[in-house]
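Visitor: Please take one strand of this protein and examine it closely, together with the strands around it. I should also like to see how that part sits within the whole, and how far the model may be relied upon.

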Amino acid sequence: MVPCQTHVLLKWQEHFNSSWAVEDTIETARRHGAAALYDRLLQNKEVVTLAQPIQELVGPRLPDFECESSASTEKEEYLASLLSSQRWLAHRMLTQTSFTLSLHHRLVVLQRIYYAIHSKYHDKFCVQLPSQSTDSGKECGQLEATSECCRGGAVSNMKSGTDVLIEMGVRTGLSLLFSLLQQNWRYAASIYPESVLCNDVLATACSVLASLPPLSLANENKIPSVGLDCLAQVAEFLKKTSVISGTGVADPTGRRLALELLLGLAMHRGSLKFLLEWVEVALARFMSLFNSHRLLLRKSAGVGFDVIQQTLLQMRQYSGFSGESINTQVLKKDADGLCQLSQAALCLFEEICNLASYCLCSSSADTACPGTDGDAVTVYVWGSNSSHQLAEGTLEKILLPKLTQGFSDAQTIEAGQYCTFSVSTDGSVKACGKGSYGRLGLGDSNNQSMPKKLVLEPHRNIKKVFSSKGSDGHTLAITVDGEVFSWGDGEYGKLGHGNSATQKYPKIVQGPLFSKIVVSASAGYRHSAAVTNDGELYTWGEGDFGRLGHSDSQSRNTPTLVKDISGVGQVACGSSHTIAVAQDGRTMWSFGGGDNGKLGHGDTNRVYRPKVIEALHGFIIRKVCAGSQSSLALTSAGQVFAWGCGSCLGCGSSETTSLRPRFVEDLSITKIIDISCGDSHCLALSHENEVYAWGNNTMGQCGQGHTSTPITRPKKVLGLEGVSIQQITAGTSHSLAWTAVPTDRQLVAWHRPFCVDLEESTFTYLCNFLKCYCDGLEDDTPPTPFLSKRDHHQFILLCMKLLSVHLSLAHAGGTGAMVLGSQGRPLRNLLFRLIDSNMPGSIQQAVLNTLSIGASLLLPPLRERTELLLSLLPRGPQSLNALSKGQLKRLQLEMVLSSLQDQSYIASLLGYSNFGEFPALGTALTSTTSAQIPSSSTSEVYDPLRLAEVLLRTLVLSIGFYTSEHLGSWEKNSDKQLVNDSQGQSDPPSHFHQLLSGLHKHLLAHCYIHPSSEGDSNVSLLQDHLYLLLPCASETLRRATKLLGESSLDKQIIRELHIVLYNSVAGSMLCQVMYSLLLLPLSTIQPLLSHLLALLEHINNFNRLLPDTNLLEVEELATEAQKSSSDTTEESNGQREENTWVWLLDLERSLALAVGRCLGGMLQGPPISFQEKTSEFWLSNILFRNGLEMNFDQLDSSMAWLPDVVMLG
């Protein structure tokens, strides 16, 4: 490795690894980019500048030679000392040149990035501490026991004999009824067609269904299994009745009634899959009549016009849709009051897509669909009411949810320590409960039995309230403008007012939060935290255990910025610990007291500054909560993870301790959309509006109708059946749930009535639709069952629209490809097939948009994806030409390349990690389980480096081809009008450069971290890759030199050539590689010497032709005095660098330095090698005769001429 010329101390801090690992090393190609990154290191105090030693610069004490005589040996010593001093002076001056400083910046930044990459992504090479392995083993053992309990519980739910008898009777009765109906149809058809009893039965069923309340069958969890079986049987009978035609089956009226009854059932069940099923049945019915009875088509293929209109009206009404619906399909009513079946199906399908699009817009605006906006808010309370915190007259505990009128106008509610706060839609705040220490903010310390309005000075509208669950109670409130108020107990300075005084009225928090916009806050037991809109985290209050994250135990009485992290989105404060989540939800930090593992780091140590919870890497965290001795996290996929100790883990035991996040298995039966932690009990809200509770139940706060405690597994809160609960909150020992739709919670829209279902069935129906009806898009005659070409195209567009909406929702929610089930590959193949076929431009654009939105979800797992990439990558100029012209293959390649830009995928591609192979949710999330190598189902051994070698070679050749194409076109034109010619050139597919740069970054990081690995195949891979990259760069520079020499140094040509070269393999990517090679051992780069020498010659020839090279060289070698006189132009010079060739001069010098290292190593190393023989000319050259790595003492005896050269400049 090349030693740094500047004296610094490198102190990498682990909590910055995440941000450094995603930095682009290409930025180091230019000086200003490297300097900006280096400044970050200085700001983070990861690089500390040390004072340079000055003893070498102190000259020797020379005698007065005129008065004193000295021996010849003394004179030689004096002369040697003087020369040594002069050499060190020259050495120091040279280290202050712009190139030397920028090289130092580059090398230090690259070291930091490579260390971060290896620490964060190369988990196969990370050694686990014994204590962590031991903890992991304990957790796994506990979890296995828990799983056994779950399985045992499942066995205990076997059906009783009575249930079996009831089910048998119902099934038999339905079968008998269906047989009688079919027999009646056959009898009526042959004897008396006008009297059909079964039609009367179907009509009666339709009228009964119409009298039921809307969505009465929507919650399937409340329907017994025998009821669901009945519905399935009835639906199957109605489908067969609707579609099958002929003698002995239902007449046209019966088929119409069956269709209308099937649609009614679908509307009451509310799920999208049942409506799509009806569309499928309607189109199939129309198709069967179209093919067999075209003359009877108009009469037989109809459905009630009023039924369809009423259905559309109900869909808009009960899905929360507001505004006017724009439908392109127009229903026409005939004389019999019917409408065409195909038109009805299209109209219904279009309405589904409109509602789904509205839901997507609502979700993207961070607001929920206002399904209950116009309804009065109902609030349910339960648990302790010892201080009237539930706003009920009695002081007795309430064991089951009770409807209360005290909070009827609440939009949001916060339960604290024996107190409750509600925020109305007008921004006013009310409080009730215990009043000690002024915790209610009402100006006194009295208890308040009913909610009373707070007075804020100055007046502000409050958006959300955060109240402590322990200690002596304090509260924070965020206004709609992002200001923070606080009140209550002020001990430890936790109110943030600069003192420890109790504050009985709300008081605005000033100090560092002044003029800041706060978006999230949390009140812990003895400390507080706030997050601003620009991602800054501020903490204040008691500082022991490191809960404030400032690297110490000191308390703060004003908000203080946590400097170690940025990009924070939310925060949660517990008893003595703090948890923060990044704005994108992909990173979670914790710090403070680690007792009982509540920090989630696999140990019980205190942490004084934010530390990433690595066990949740790969998940998107939507919300985090912190209790007394436990913590909870909610993922975007609706999963809940818990860590710490006690019954809040929800694992079936109150004695369990989990040092890392573990999945709460009992909540896997549903999707959770919200969580809340009290002091020692937890609440969870499912997407089906059901509330689950577990933990301490001493006061009945779990809502089970008793006070038996603890509740060690999540259980549904009783008494809320049929209530559309939208929000929950848990206090110290009481709980609340209410129906106001949240406006500040980003949810995954797993289900919305009639229009959204993020499950495999939705994608199955859409895939089937596309399979059946995507052919013949360019034909003049539309395929059945469509009556016109316009209807056919409209149906395909609607399929694409609904598919795009669901892919967007899945992507926004971070659900991953699991939501597609087995439909990922069929959908991908269908969409690619559509792209490759002739079709109208509108459909083509819709397909492209769908592929763009769902690329990350539609693509196969990583191993299959890399194999697909290999099959798509071009292998030569001909295939590259075909790629540039073929839209389908280029699109596929773009999708795969884009999906592989993630650093974790690149690490997996090289075999450094197993990203994507997450452990099953039934196993503990530990580093041990996540690093297990998946077993292959095939006998072929999967070699990631083989794939990486092919991928690297193909990417280099691909980029080289496009560069060669540019240069070749210019070489053919004598006038060299590069600007005009370059406009017709095609560029390489996007992400080629990014993927190649990412592969370089991870490969070089591994070789840098493991420099002494003998026989390392990664080093061989790097060398083999450079055997190709360096000659390609040499050839590019050779042709560019020729072009430059023939261009008469035209400035426009030089500018265009600069752009092409910088984006070629001889540009920024070569800079990345060359600077990194200076960090690697000599044994790694020495075999590359012949290629480095050839490249040095070509880059030198090119630089000699550049008109500004001499000027730049002079500027680089200017003395400090000369440079100080031109300080005013430094900024303009920095701006000018973007369009100059400074980076190429730096590249040449770094290349020469690498060559010097190789030659010096040869002189001092083993016997002459093949590389030395080929480098005989350079070895005999005076510049490299003694190498560049010798120290000055060694050079004294072998190079007496060097000091003279240095001193003479």
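Guide: Among contacts in the protein between residues at least 6 apart in sequence, 66% join residues that are at least 24 apart. The model is a predicted one, with an average pLDDT of 79 over the protein and a score of at least 70 for 77% of the residues. Residues 1-5 have a pLDDT below 50, and beyond near neighbours in sequence this stretch has 15 contacts in the model. The pLDDT is also below 50 over residues 976-985, a stretch with 19 contacts beyond near neighbours in sequence. The protein has 38 helices and 34 strands, and 53% of its 1209 residues count as buried. About 51,200 Å² of the protein is exposed, and carbon and sulfur atoms supply 53% of that area.

The strand chosen for the close look is β12, which comprises residues 474-479. Six of its six residues are buried. The cover extends to both faces: His474, Leu476 and Ile478 are buried on one side, and Thr475, Ala477 and Thr479 are buried on the other. To count as buried, a residue must have under 20% relative accessible area.

Two strands pair with β12, and each may be taken in turn. Strand β11, residues 462-467, pairs with β12 in the antiparallel sense over five bridges. Within this pairing, Lys464 is found opposite Ile478 of β12. The hairpin of β11 and β12 has six residues between the strands, and Ser471 there adopts a positive phi near 60 degrees.

Strand β13, residues 484-488, likewise pairs with β12 in the antiparallel sense, over five bridges. Here Ile478 stands opposite Val484 of β13. Ile478 thus has Lys464 opposite in one pairing and Val484 opposite in the other, and Ile478 is itself buried. The hairpin formed by β12 and β13 has four residues between the strands, with Gly482 in the turn at a positive phi of about 90 degrees. In general, the strands of a sheet pair through backbone hydrogen bonds, in either the parallel or the antiparallel sense.

The approach to β11 along the chain also deserves attention. Pro458 is placed in the loop between β10 (448-453) and β11. The peptide bond from Glu457 to Pro458 is cis, and its omega is near -5 degrees.

Elsewhere in the protein, another set of antiparallel strands provides a setting for a second such bond. An open sheet of four strands, with antiparallel pairing, is ordered β27-β28-β29-β30. Its edges are β27 (672-677) and β30 (711-716); each has a single partner strand, so one side of each has no neighbour in the sheet. On average, neighbouring strands of this sheet are turned by 15 degrees against each other, direction ignored. Strand β29, residues 691-695, runs antiparallel to β30 and is joined to it by three bridges. One bridge pairs Gly695 with Ile711 of β30. The loop between β29 and β30 contains Pro710, and the peptide bond joining Thr709 and Pro710 is cis, with omega about -5 degrees.

Positive phi values also occur in other loops between strands. Phe545 lies in the loop between β17 (537-541) and β18 (556-561); its phi is near 70 degrees, a positive value in a residue other than glycine. Asn596, in the loop between β21 (588-592) and β22 (607-612), has a phi near 65 degrees, again positive in a residue other than glycine. The partly exposed class runs from 20% to 50% relative accessible area. Phe545 therefore counts as partly exposed, since its relative accessible area is 27%. Asn596 is likewise partly exposed, with a relative accessible area of 28%.

A helix may be set beside these strands. Helix α27 has twelve residues, 1051-1062, which at 1.5 Å a residue should span 16 Å; the end C-alpha atoms are 16 Å apart, so the two values agree. The buried residues of α27 are Ile1053, Ile1054, Glu1056, Leu1057, His1058, Val1060, Leu1061 and Tyr1062.

To return to the part requested, β12 is a strand with six of its six residues buried, paired in the antiparallel sense with β11 and with β13.

Conventions: Residues are numbered from 1 along each chain as its sequence is written. This is a predicted model: local features need pLDDT of at least 70, side-chain atom pairs count only at pLDDT 80 or more; totals for chains, interfaces and linings use all residues. Side-chain values use heavy atoms; hydrogens and water are left out. The expected span of a helix is 1.5 Å times one less than its number of residues. Buried means under 20% relative accessible area, exposed over 50%, partly exposed in between (1.4 Å probe, protein chains only). Two strands pair if DSSP finds at least two bridges between them. pLDDT is the predictor's confidence in each residue, from 0 to 100. Contact means heavy atoms within 4.5 Å. Accessible areas come from the Shrake-Rupley method with a 1.4 Å probe; for residues, only the protein chains shown count as cover. Axes are lines fitted to C-alpha atoms, for helices over the stretch in contact, and angles run from 0 to 180 degrees between N-to-C directions.
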